[in-house]
Amino acid sequence: MCGRRASSLKCKSPPLRSDNHLLVGERIRLRPVDDSDIDQLHEWWNDPGFAGGFASDYPKSRTEVEGLAKSAWFFIIESRSGDNKIGFIPYYTVRQDYPYLFEIGYRIKPNERRKGYTTEATRLLVDHLFATRKDIERIESVTDVDNIPSQRVLERNGFKREGVLRKRTFNRGEYGDEYVFSLLRGEWAKARKLLQSKAHAEVDLQDEGGHV
Ligand SMILES: CC(C)(COP(=O)(O)OP(=O)(O)OC[C@H]1O[C@@H](n2cnc3c(N)ncnc32)[C@H](O)[C@@H]1OP(=O)(O)O)[C@@H](O)C(=O)NCCC(=O)NCCS
């Protein structure tokens, strides 16, 4: 926001929040969002198919989308080579007076769903946050009680379901319940091992021609 001396100073819009790490996984990578992504984010945000059935926060103007990208740290989820933008995964502080608490969210293009990309993106982001921010104790995520894919992403990453937040969301003219999930720093190593052992089991089964 411009201060009182704005007339004598150049009043600039704040920059995008910047986490300058490129997080590279097995099939995808997380790239920090930059100004050239705003049009893509704007298009995605206004696409009901992209938002899925559980979002009530569209359509949004380009300015609002830019504001969102400035209020959270956003990573673009893209193919490992960087030639295909798949979706996004932001993280943000829940309360200013709780600096040890972060919330994450994610959205993926409909034609890229059910390929394990969000599970991998969540792993990359969680590892990055716990490894680089020693002050983070808890990462949480809130999801509609009927959003099974989102709940599976969190469970696969070792998040625990803590309880129901009643009538917390308002979507398509109705109030709905949500679950809150969390992963604590002390549970992180165990969660990572579980995810890796499941991934290895899947590779073994595929080698044997089985279904996973
Ligand atoms: C939620 C969302 C991000 C999941 O992304 P994704 O890349 O498809 O997730 P993954 O491929 O990593 O799958 C994770 C798990 O969910 C399961 N899953 C995915 N889509 C599913 C569906 N439609 N029905 C049932 N299970 C599903 C997968 O089988 C996998 O489970 P498994 O590990 O037991 O095999 C995606 O569906 C989406 O963008 N939805 C719209 C936006 C949204 O709801 N965001 C979350 C708001 S809290």
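Here are three short exercises, with worked solutions, on this predicted model.

**Exercise 1. The hairpin**
Work out how strand 8 and strand 9 pair, and whether strand 8 is buried or in the open.

*Solution.* Start with the pairing: strand 8 (residues 160–171) runs antiparallel to strand 9 (residues 174–184), with eight bridges between the two. Next, look at the end of strand 8, where Asn-171 has Glu-174 of strand 9 as its bridge partner. The two strands form a hairpin with two residues between them. In that turn, Arg-172 has a positive phi of about 50°. Finally, check burial: zero of the twelve residues of strand 8 are buried, so the strand lies largely in the open.

**Exercise 2. Two packed helices**
Describe how helix 1 (residues 38–45) packs on helix 3 (residues 62–71).

*Solution.* First take the geometry: the axes lie 9 Å apart and make an angle of about 110°. Angles of 65 to 115 degrees count as roughly perpendicular, so helix 1 is roughly perpendicular to helix 3. Then list who meets whom: Ile-38, Leu-41, His-42 and Trp-45 of helix 1 face Arg-62, Val-65, Glu-66 and Ala-69 of helix 3. Sorted by class, this contact has five nonpolar, one polar and two charged residues.

**Exercise 3. Around the ligand**
Find which residues come nearest to the ligand, and which element gives the largest share of its shell.

*Solution.* Begin with the 21 residues around the ligand: Gly-52, Arg-113, Thr-118, Thr-119 and Arg-152 come nearest. Strand 6 (107–108), helix 4 (117–132) and helix 5 (148–156) each give two or more residues to the shell. Helix 5 has the largest share, with six residues. To finish, sort the shell by class: seven nonpolar, eight polar and six charged residues.

How values were computed: Residues numbered from 1 in each chain as written. Predicted model: local features only at pLDDT ≥ 70, side-chain atom pairs only at ≥ 80, totals over all residues. Buried ≥ 20, exposed ≤ 12 C-beta atoms within 10 Å, placed from the backbone. Helix = DSSP H or I, 4+ residues; strand = E, 2+ residues; numbered from the N terminus. Pairing = 2+ DSSP bridges. Near = placed C-beta within 6 Å. Nonpolar A, V, L, I, M, F, W, Y, C, P; charged D, E, K, R; others polar. Axes fitted to C-alpha atoms, helices over the stretch in contact; angles between N-to-C directions. Parallel < 35°, antiparallel > 145°, perpendicular 65-115°, else oblique. Contact = placed C-beta atoms within 7 Å.
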